[in-house]
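Welcome! Please take a moment to look over the sequence and the model, and then let us walk through some of the features together.

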Amino acid sequence: MTNDAKNTDAKNRDKVFLRQAEADDVSALEQLLNLCYRQDQGWTNEADLVGGIRTTQAELASVIANPKHYVFVYPKTDTGERGGKETGELWGCIAVDIKVEVGLNKKDHNNKAYIGMFAVHPELQGCGVGNVILQAAETFAERHLQGNDRPSRLTMSILSHRPELLAYYQRRGYQLNGNSMPFPVDGNNGEPKRQDLALLELEKIVNV
């Protein structure tokens, strides 16, 4: 990588900022997620494994309205800076679903957060923007899971047959935990293009 490329990557990372998604973001979120997951653009897409749509506006509106489910967006602005005027488009997004299960005893408590809906616009992929967004979501989740004597877990699901994506998360401390399920065939999140497609669960232990 040349020095110019390194400087450009650093500049892109330094400009990243997130805010919590609002109802007015639903259309832009739908466009971003369907672009990043279902179109043959960028290295994170699933176009060769799943067809159809990734999500709908109704599903996104329901998620945003859920008080335990936090959706964060990286909005595009006319200046490229936090203080600029938002254009209505999104550069990235990520969601954190807090799941705190309290048992009868402390040993039965189960603190975890599911991270999903992670997407970076293809134009910014490969410049470290995704790393910043993921780290911000992890920090947010860890803070919400503190205050328990037991370690907390960050979990997420990825498609099987994506070794490069698995390697990306493994470099960031996530590991396969053995849980998996066949890709759902209800049509709500796309149509699998191979019969052996599955969702693999990853987890990362935090607040140890």
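## A buried tyrosine and its partner

Let us start with Y74, which is buried, with a relative accessibility of 4%. Please keep in mind that the model you are viewing is a predicted one.

Which ring pairs with Y74? The partner is F17, and the two form an edge-to-face aromatic pair, with 5.7 Å from centre to centre and 75° between the planes. Y74 belongs to strand β3 (residues 69-77), while F17 lies in the loop between α1 (3-14) and β1 (19-20), so the pair ties together parts that are 57 residues apart in sequence. F17 is buried too, at 7% relative accessible area.

## Other aromatic rings

In total, the count of aromatic pairs comes to six. Elsewhere, W43, Y168, Y169 and Y174 are linked into a cluster by ring pairs.

Rings also meet charges here. The charged end of R172 sits over the ring of Y168, at 3.7 Å from the ring centre. In a similar arrangement, the charged end of R54 is placed over the ring of Y37, 4.6 Å from its centre.

## The nonpolar cores

Now for the nonpolar interior. The largest nonpolar core has 32 residues, and L134 and Y169 have the most contacts inside it. At least two residues of this core come from each of β3, β4 (86-101), β5 (110-120), α4, β6 (152-159), α5 (163-170) and β9. The largest share is that of α4, with six residues.

What does Y169 touch, leaving aside neighbours within four places in sequence? Its contacts are F118, L134, M156, I158, Y174 and L202. Apart from the largest core lies another, made of 18 residues, including L29, L33, V63 and V71.

## E203 and R143

Two charged residues round off the tour. E203 is part of strand β9 (residues 198-206). Its side chain makes a polar contact of 3.2 Å with the side chain of N177. Not counting residues up to four places away in sequence, E203 touches R153, L154, T155, G173, Y174, Q175 and N177. Y174 appears both in this list and in the ring cluster described above.

Is R143 buried or exposed? R143 is exposed, at 61% relative accessible area, and its place is in helix α4 (residues 129-144). Although R143 and N207 are 64 residues apart in sequence, their C-alpha atoms are 8.9 Å apart in space.

Note on methods. Residues are numbered from 1 along each chain as its sequence is written. This is a predicted model: local features need pLDDT of at least 70, side-chain atom pairs count only at pLDDT 80 or more; totals for chains, interfaces and linings use all residues. Side-chain values use heavy atoms; hydrogens and water are left out. Rings of Phe, Tyr and Trp (its six-membered ring) pair if their centres lie within 6.5 Å; planes under 30 degrees apart count as stacked, over 60 as edge-to-face and the rest as tilted. Helices (H or I, at least four residues) and strands (E, at least two) are DSSP runs, numbered from the N terminus. Buried means under 20% relative accessible area, exposed over 50%, partly exposed in between (1.4 Å probe, protein chains only). A charge sits over a ring if NZ of Lys or CZ of Arg is within 6 Å of the ring centre and within 35 degrees of the ring normal. A polar contact is a pair of N or O atoms within 3.5 Å; within protein, one must be able to donate a hydrogen and the other to accept it, and residues adjacent in sequence count only if both atoms are side-chain atoms. Contact means heavy atoms within 4.5 Å. A nonpolar core is a set of buried Ala, Val, Leu, Ile, Met, Phe, Trp, Tyr and Cys residues joined through side-chain atoms within 4.5 Å.
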